[in-house]
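Thanks for coming. I have one structure to go through today, and I will put it on the screen now.

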Amino acid sequence: MLAVAAGLFAQNVRLATETELAAITERGRALAEYDQAAWHATDAVQMTNPKTAEGQHYIAKRENGRWMVAFGVLNADRSKFLAGYEAEQLAKPKEFR
């Protein structure tokens, strides 16, 4: 009886396809690149003024193979992002200005 009840509540597990695994891997790599860009851009901004990062958020985007990271805050009704600083990726992935 217990075995029958356990079978009723068992999850149907399906292995991911090669296509699904490739998509998951690509999203993971993109997230790692985004994280690295934000990290190095934050370091560059803090070198100019260490208090700039306090209470701020950032948004990063990649264009033409290079990252740009904007630092700022949301307005009062949270409908706009007010950028105070931008850091651009230079020739090397870890270099931002």
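I will cover confidence, then the nonpolar core, then one glutamine, then the salt bridges, and last two backbone angles.

This is a predicted model, so confidence comes first. The mean pLDDT of the protein is 88, with 85% of the residues at 70 or more. Element by element, helix 1, residues 2-8, has the lowest mean, at 58, while helix 2 has the highest, at 95. Where pLDDT is low, predicted coordinates should not be read in detail. I will therefore leave the details of helix 1 alone, given its mean pLDDT of 58.

Now the core. Which residues make up the largest nonpolar core? There are 10 of them: Ala37, Ala41, Ala44, Val45, Ala60, Trp67, Val69, Phe71, Ala87 and Phe96. Helix 2 and strand 2, which runs over 66-74, each supply at least two of these residues. The biggest contribution is from helix 2, with four residues. As background, nonpolar side chains in soluble globular proteins tend to be buried together.

Ala87 is a useful place to stand and look around that core. Leaving out residues up to four places away in sequence, Ala87 touches Ala41, Val45, Trp67, Met68, Val69, Phe71, Phe96 and Arg97. Trp67 and Phe96 are among the core residues, and both come up again with the next residue.

That residue is Gln89, in the segment that follows strand 3, residues 81-88. Is Gln89 buried or exposed? Gln89 counts as buried, because its relative accessibility is 10% and the cut-off for buried is under 20%. Beyond its neighbours within four places in sequence, Gln89 is in contact with Gly65, Arg66, Trp67, Glu95 and Phe96. Take Arg66 from that list: Gln89 and Arg66 are 23 residues apart in sequence, yet their C-alpha atoms are 5.7 Å apart.

What do the polar atoms of the Gln89 side chain lie close to? One partner is the backbone nitrogen of Trp67, 2.9 Å from a polar atom of that side chain. Another is the backbone oxygen of Pro93, 3.5 Å from a polar atom of the Gln89 side chain.

On to the charged pairs. How many salt bridges does a search of the whole structure find? The search finds four, and I will go through some of them.

I will begin with Glu33 and Arg62, whose closest N and O atoms are 2.2 Å apart. Glu33 sits in helix 2, residues 18-48, and Arg62 in strand 1, residues 57-63, so this pair ties together parts that are 29 residues apart in sequence. Both side chains have some access to the surface: Glu33 is partly exposed at 34% relative accessible area, and Arg62 is partly exposed at 43%.

Next, Arg14 and Glu20 meet through their side chains in a salt bridge, at 3.1 Å from N to O. Here Arg14 counts as exposed, at 59% relative accessibility, whereas Glu20 is partly exposed, at 31%.

Then there is Arg97 with Glu88, a salt bridge at 3.6 Å from N to O. Arg97 counts as exposed, with 60% relative accessibility, and Glu88 as partly exposed, with 40%. Arg97 is also one of the residues that Ala87 touches.

Last, the backbone. Most residues other than glycine have a negative phi. Where, then, do we find positive values in residues other than glycine? One is Asn64, with phi near 55°. Asn64 lies in the loop between strand 1 and strand 2, and is exposed, with a relative accessible area of 80%. Another is Arg78, with phi near 60°. Arg78 lies in the loop between strand 2 and strand 3, and counts as exposed, at 65% relative accessibility.

To go back over it briefly: the largest nonpolar core has 10 residues, Trp67 and Phe96 among them, and Gln89, itself buried, is in contact with both Trp67 and Phe96. The Glu33 and Arg62 pair joins helix 2 and strand 1. That is the end of my part.

Definitions and conventions. Residues are numbered from 1 along each chain as its sequence is written. Side-chain values use heavy atoms; hydrogens and water are left out. Buried means under 20% relative accessible area, exposed over 50%, partly exposed in between (1.4 Å probe, protein chains only). Helices (H or I, at least four residues) and strands (E, at least two) are DSSP runs, numbered from the N terminus. Contact means heavy atoms within 4.5 Å. A polar contact is a pair of N or O atoms within 3.5 Å; within protein, one must be able to donate a hydrogen and the other to accept it, and residues adjacent in sequence count only if both atoms are side-chain atoms. A nonpolar core is a set of buried Ala, Val, Leu, Ile, Met, Phe, Trp, Tyr and Cys residues joined through side-chain atoms within 4.5 Å. pLDDT is the predictor's confidence in each residue, from 0 to 100.
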